[in-house]
Amino acid sequence: VGGYIEGDASTARYNCPHHIKYHNGNLYVIDLNNYIIRSVDPTTGESQFIAGQQGINIITDGTGSSASFMAPKGIEVNDNFIFISDETTIRRINLMTNNVSTMIGSTSTYQYIDGPFGISQLKSSNYMTTNGTDLFLTDDSQNTIRKITSSGHISTIAGDIGNAGSLDAQGTSAQFDFPTGIYADGDDIYVLDNGNYTVRKIDKNLNVTTIAGQVGVSDSVDGIGASAQFDYPMAITKKGDDLYVLDGDNNLATTLRKITPSGEVITVAGDKNDAGWDCEPGPNLTAKLTGAYSIVSVGEDFYVPICNYIFKIDSDFNVTIFVGDGSSDNVEGFSTSAKISNPNNIASDGIYLYTIARNQLARIRIADGYLQFIGGVKDEVLEHNGAINNRAIPNCKSLVFNQNGLFCSSHYGVYRFH
């Protein structure tokens, strides 16, 4: 049951919470179908309204409920502002005043214009990431990667505007084909170039290189650089010097692939020949990871939400059940005594794991596997500003936790929990 009800942890509701970011102890969330930005304290579960008007989907600047959003899709946060990609604009929310201003773009025109605040515009926008200072945005319709500074200046840093391709080159001489997922790591940016079945890297000098995958070929083949092949790279993370990609195919068989600094791709976990709806732990390549599309690394281990479990993948890539007994229900408890129904995303602050299960936000203590539901109402689409326990958070495509908070990306927006 979706809706917009203010109240305590047991009564608050949401309507399709979408993207999420964490910053300075708070989660920030886009409540997509309510067109509202909200925050949640992950420790106490208290949530607060930030900006927007329930049911009003137009772009209007203002403070708090005087502002409105059209199609909030992505979110990033720093110490002073929340940044929202909203239709063809980038909106900025002052964390002190909740004042919303249109930083970049226009709703009256759908143009692709680089330049300073007031001049620059967006044609479309997709996923965002940050290096702690600047925002980076994939434009899947124009096949580019764009950078947005804190002053609102927007520039195309890579990709041939409007033209799809796979050319490695510097900056706008390079080409992408439907870039989606993006991950910033210091001076480097990694892009999942889904239309090309490749993983691309943009260095600090804006040189774009294909570090793994054979352009235009969808398969699961280990190798070095272009001799490796990906079926459909879905999620990317990093541990130590290596990148890790969850890679699935049309038959739902999913594997964990490691990419070394030399570009060697090695399948380290998951049975690539598993074509059924199987979710089974086991030694590395015998494990069944069907349909997994979210992963987080904590210390030496990885955690993957799958079926009615949270799987743990250790440093030897052995897969075990960390939380859940396989039942389709949500029940608090320790490790395999707890129940978690179809968790679909995962993030971590290093102490806890966070995931979404049947419209509830779950927090799992890594030290002992204790599962607690801190937000949402089971099977209800929550959309209320109140304690996080009041909100169900369905349909999140990804969860991200960094110094800015816990964020949920779902459908057309990004939500941050305070």
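Two strands are said to pair if DSSP finds at least two bridges between them. With that in mind, a good place to begin in this predicted model is an open sheet of 5 strands, in which the pairing is antiparallel and the order is 18-22-21-20-19. At its edges lie strand 18 (223-224) and strand 19 (233-239), each of which pairs on one side only. For strand 18 the partner is strand 22 (residues 264-269), and the two are joined in the antiparallel sense over 2 bridges. Within this pairing, Gly223 stands opposite Val265 of strand 22.

A second set of strands can be followed further along the chain, with strand 26 (residues 301-306) as the guide. Strand 26 pairs with strand 25 (residues 296-298) in the antiparallel sense, over 3 bridges, and here Val298 is found opposite Asp301. Strands 25 and 26 form a hairpin, with 2 residues between them. In the turn of that hairpin, Gly299 has a positive phi of about 65°. Strand 26 also runs antiparallel to strand 27 (residues 309-313), to which 5 bridges join it. In this pairing Ile306 of strand 26 faces Tyr309 of strand 27, the two residues standing opposite each other. Strands 26 and 27 again make a hairpin with 2 residues between the strands, and Cys307 takes a positive phi near 50° there.

How much of strand 26 is buried? The strand is mostly covered, with 6 of its 6 residues buried. In a regular strand, side chains alternate between the two faces of the sheet. In strand 26 both faces are covered: Asp301, Tyr303 and Pro305 are buried on one side, while Phe302, Val304 and Ile306 are buried on the other.

The last stop is Arg363, a residue of strand 32 (residues 360-365). Is Arg363 buried or exposed? Its relative accessible area is 9%, and because buried means under 20%, Arg363 counts as buried. A polar atom of the Arg363 side chain lies 2.4 Å from the backbone oxygen of Pro42. Which residues surround Arg363, once its neighbours within four places in sequence are left aside? Pro42 appears again among the contacts, together with Thr43. The other residues in contact with Arg363 are Tyr352, Leu353 and Tyr354, along with Tyr370, Leu371, Gln372 and Ile374.

Methods:
Residues are numbered from 1 along each chain as its sequence is written. This is a predicted model: local features need pLDDT of at least 70, side-chain atom pairs count only at pLDDT 80 or more; totals for chains, interfaces and linings use all residues. Side-chain values use heavy atoms; hydrogens and water are left out. Helices (H or I, at least four residues) and strands (E, at least two) are DSSP runs, numbered from the N terminus. Buried means under 20% relative accessible area, exposed over 50%, partly exposed in between (1.4 Å probe, protein chains only). A polar contact is a pair of N or O atoms within 3.5 Å; within protein, one must be able to donate a hydrogen and the other to accept it, and residues adjacent in sequence count only if both atoms are side-chain atoms. Contact means heavy atoms within 4.5 Å.
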